[in-house]
Amino acid sequence: MVGKYTLRVAAGAIAALLAFSAPASGQRSSLTMLDQLDAGRWELRVRDSGNAAERLCVSNGRRFIQLRHPEVSCDRLVVEDGPSEVTVQYTCRGQGYGRTSIRRETSRLVQIESQGIRNGLPFEFSAEARRVGDCST
């Protein structure tokens, strides 16, 4: 009797483990494309702008999502998460919001389109970001 009970409990535990692990094994990490971009110094050139190129030290491609809300903690919603393009919508309480699309050409070159509200004013830009070297320490 004890043997059948132990087998039933073990079978139930195995079934539960399989039920919870199966969906997770088929899913990939969110925003993987951004994680595959090379870290380092990147140059951001905004199109149709008379401004000089902006240089950024990027440890992770996710930094490109909130270019107009840097250092601000925001809630994010992933709208598109493809192998070469992502779109993220984000809201920064009391600071504004944005929607950014990033298209990877290579691990060192991306195209960025972003729009939203920052400090009560609208922004919209299209830019190219290119890795130009290592970050100086």
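Two strands are taken to pair if DSSP finds at least two bridges between them, and strands themselves (E, at least two residues), like helices (H or I, at least four residues), are DSSP runs numbered from the N terminus. By that criterion six bridges join β3 to β4, which run antiparallel, and the two strands form a hairpin with three residues between them. The model is predicted, so local features are given at pLDDT of at least 70 and side-chain atom pairs at pLDDT 80 or more, whereas totals for chains, interfaces and linings use all residues. Residues are numbered from 1 along each chain as its sequence is written, and side-chain values use heavy atoms, with hydrogens and water left out.

The chain has two helices and seven strands, arranged along the sequence in the pattern α-α-β-β-β-β-β-β-β. The seven strands form an open sheet in the order β2-β1-β7-β6-β5-β4-β3, with antiparallel pairing. Because β2 and β3 (75–81) stand at the edges with a single partner strand each, one side of each is left without a neighbour in the sheet. Neighbouring strands of this sheet are turned by 25° against each other on average, direction ignored, where the axes are lines fitted to C-alpha atoms and angles run from 0 to 180 degrees between N-to-C directions.

From the β3 edge, the pairing can be followed strand by strand. In the β3–β4 pair, Arg-76 has Tyr-90 in β4 as its bridge partner. Eight bridges then join β4 to β5 in antiparallel fashion, with Val-88 opposite Thr-100 in β5; the hairpin of these two strands has three residues between them, and there Gly-94 takes a positive phi near 75°. Strand β5 (residues 96–106) is in turn joined to β6 by ten bridges, again antiparallel, and here Ile-102 stands opposite Ile-112 in β6.

Both of these isoleucines belong to the group that, within the 23 residues of the largest nonpolar core, touches the most other members, the others being Leu-34, Phe-64 and Val-110. Such a core is a set of buried Ala, Val, Leu, Ile, Met, Phe, Trp, Tyr and Cys residues joined through side-chain atoms within 4.5 Å, and buried means under 20% relative accessible area, with exposed over 50% and partly exposed in between (1.4 Å probe, protein chains only). The elements that give two or more residues to the core include α2 (32–35), β1 (40–46) and β4 (85–92). Residues up to four places away in sequence aside, Ile-102 touches, among others, Met-33, Leu-34, Phe-64 and Val-86, a contact being heavy atoms within 4.5 Å.

Which residues are in contact with Thr-87, leaving aside its neighbours within four places in sequence? They are Leu-77, Val-78, Val-79, Glu-80, Arg-99, Thr-100 and Ser-101. Thr-87 lies in strand β4 and counts as buried because its relative accessibility is 5%. Its side chain is joined to that of Ser-101 by a polar contact of 2.9 Å, that is, a pair of N or O atoms within 3.5 Å, of which, within protein, one must be able to donate a hydrogen and the other to accept it, while residues adjacent in sequence count only if both atoms are side-chain atoms.

Gln-111, in strand β6, likewise counts as buried, at 9% relative accessibility. The side chain of Gln-111 makes polar contacts with the side chains of Glu-105 (2.9 Å) and Glu-128 (3.0 Å).
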